[in-house]
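Here are a few notes to help you find your way around this protein. Keep the viewer open and turn to each spot as you read.

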Amino acid sequence: EDERAVRAFEVAVGFDPDDNQPFSDASRRGKSMSSQRQADAYLAAAIALERLGRLDPAEEAYMMAASANSSNLEPLVRLAGLRHRKKDAAGAEKALADARETWTALPRFMRRKQIGWRLRAMMG
């Protein structure tokens with residue numbers, strides 16, 4: 001079902017699902033939605049793509065999720081794990097550093113919600 005999920009998320013965030021380069025700027029349609037909803041869709045698509053073994057599009061989707069919601073640690077921590085899986089140690093460390101930097105900028109109430117992702121970033 002991951003393949004169907006990826007197609008649905010591509011459509012939801014405004015990408016052409018028949019494009020060979022999902023989540024690329026060339027595939028973007030003119031659809032807009034709130035940053036939070038967009039970030040959630042990118043994140044879910046990235047998880048599905050990673051499960052399918054499509055690591056390059058998953059990496060792009062994680063980066064888009066992180067940029068659409070710069071207050072969420074989850075896409076950065078997951079991106080670090082994916083890059084580690086791709087044997088990109090420098091990229092993984094960069095994603096973890098971004099997660100740690102994001103953590104320091106978060107207000108207290110948001111930190112409480114994301115403590116689990118903070119711990120994963122520390123253990124990275």
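**Notes for a first look**

1. Let us start at leucine 43, which counts as buried because its relative accessibility is 8%, under the 20% cut-off for that label. Leucine 43 belongs to helix 2. Setting aside residues up to four places away in sequence, leucine 43 touches Tyr62, Ala65, Asn72, Glu74, Pro75 and Arg78. Alanine 68 is 25 residues from leucine 43 along the chain, and their C-alpha atoms are separated by 9.9 Å.

2. Now step back for the overall plan, keeping in mind that this is a predicted model. The protein has seven helices and zero strands, so the pattern along the sequence reads α-α-α-α-α-α-α. Of its 124 residues, 44% are buried. If you look at contacts between residues at least 6 apart in sequence, 47% of them join residues at least 24 apart. The protein exposes about 7,100 Å², and carbon and sulfur atoms supply 50% of that area.

3. Helix 3 is a good element to look at next. Its 14 residues, 55-68, reach 20 Å from the first C-alpha to the last, close to the 20 Å expected at 1.5 Å a residue. The helix is mostly covered, with ten of its 14 residues buried. These are Leu55, Pro57, Ala58, Glu59, Ala61, Tyr62, Met64, Ala65, Ala66 and Ala68. What do the buried residues of helix 3 pack against? Their partners are helix 2 (35-51) and helix 4. Two of the names may look familiar, since Tyr62 and Ala65 are among the contacts of leucine 43.

4. Glutamate 74 is another contact of leucine 43, and this residue lies in helix 4, which covers residues 74-85. Is glutamate 74 buried or exposed? It counts as buried, at 16% relative accessibility. Apart from neighbours within four places in sequence, glutamate 74 is in contact with Leu43, Ile47, Gln114 and Trp117.

5. How many salt bridges does a search of the whole structure find? The count is seven. One of them pairs glutamate 50 with arginine 85, with 3.4 Å between the closest N and O atoms. Glutamate 50 is in helix 2 and arginine 85 in helix 4, so this pair ties together parts that are 35 residues apart in sequence. The glutamate 50 end is buried, with a relative accessible area of 16%, whereas arginine 85 is partly exposed at 45%.

6. Please also look at helix 5 (residues 89-105), where aspartate 98 and lysine 94 both lie, four residues apart, about one turn of the helix. Their side chains meet in a salt bridge of 2.8 Å, N to O. The spacing is worth a thought: an α-helix has 3.6 residues a turn, so residues three or four places apart point the same way. Aspartate 98 is partly exposed, with a relative accessible area of 24%, and lysine 94 is partly exposed too, at 46%.

7. Two further charged groups deserve a visit. Arginine 100 forms a salt bridge with glutamate 93, their closest N and O atoms being 2.5 Å apart. Arginine 100 is partly exposed at 29% relative accessible area, and glutamate 93 is partly exposed at 40%. Elsewhere, Asp56, Glu59, Arg83 and Lys86 are linked in a network of salt bridges. Glu59 has appeared already, as one of the buried residues of helix 3.

8. From arginine 100 you can move on to arginine 118, which is 18 residues away in sequence and 7.4 Å away in space, C-alpha to C-alpha. Arginine 118 is found in helix 7, residues 115-123. It is buried, with a relative accessible area of 17%. Not counting residues up to four places away in sequence, arginine 118 touches Leu73, Arg100 and Trp103.

9. Finish on the surface of the protein. Which residues make a nonpolar surface patch of about 460 Å²? They are Ile115, Leu119, Met122 and Met123. Leucine 119 has its place in helix 7 and counts as partly exposed, at 45% relative accessibility. Arginine 118, by contrast, is buried.

Conventions. Residues are numbered from 1 along each chain as its sequence is written. This is a predicted model: local features need pLDDT of at least 70, side-chain atom pairs count only at pLDDT 80 or more; totals for chains, interfaces and linings use all residues. Side-chain values use heavy atoms; hydrogens and water are left out. Helices (H or I, at least four residues) and strands (E, at least two) are DSSP runs, numbered from the N terminus. Buried means under 20% relative accessible area, exposed over 50%, partly exposed in between (1.4 Å probe, protein chains only). Contact means heavy atoms within 4.5 Å. Patches are made of residues with over 30% relative accessible area and no salt bridge: like charges are joined within 9 Å, nonpolar side chains (Val, Leu, Ile, Met, Phe, Trp, Tyr) within 5 Å. Accessible areas come from the Shrake-Rupley method with a 1.4 Å probe; for residues, only the protein chains shown count as cover. A salt bridge is a side-chain nitrogen of Lys or Arg within 4 Å of a carboxyl oxygen of Asp or Glu. The expected span of a helix is 1.5 Å times one less than its number of residues.
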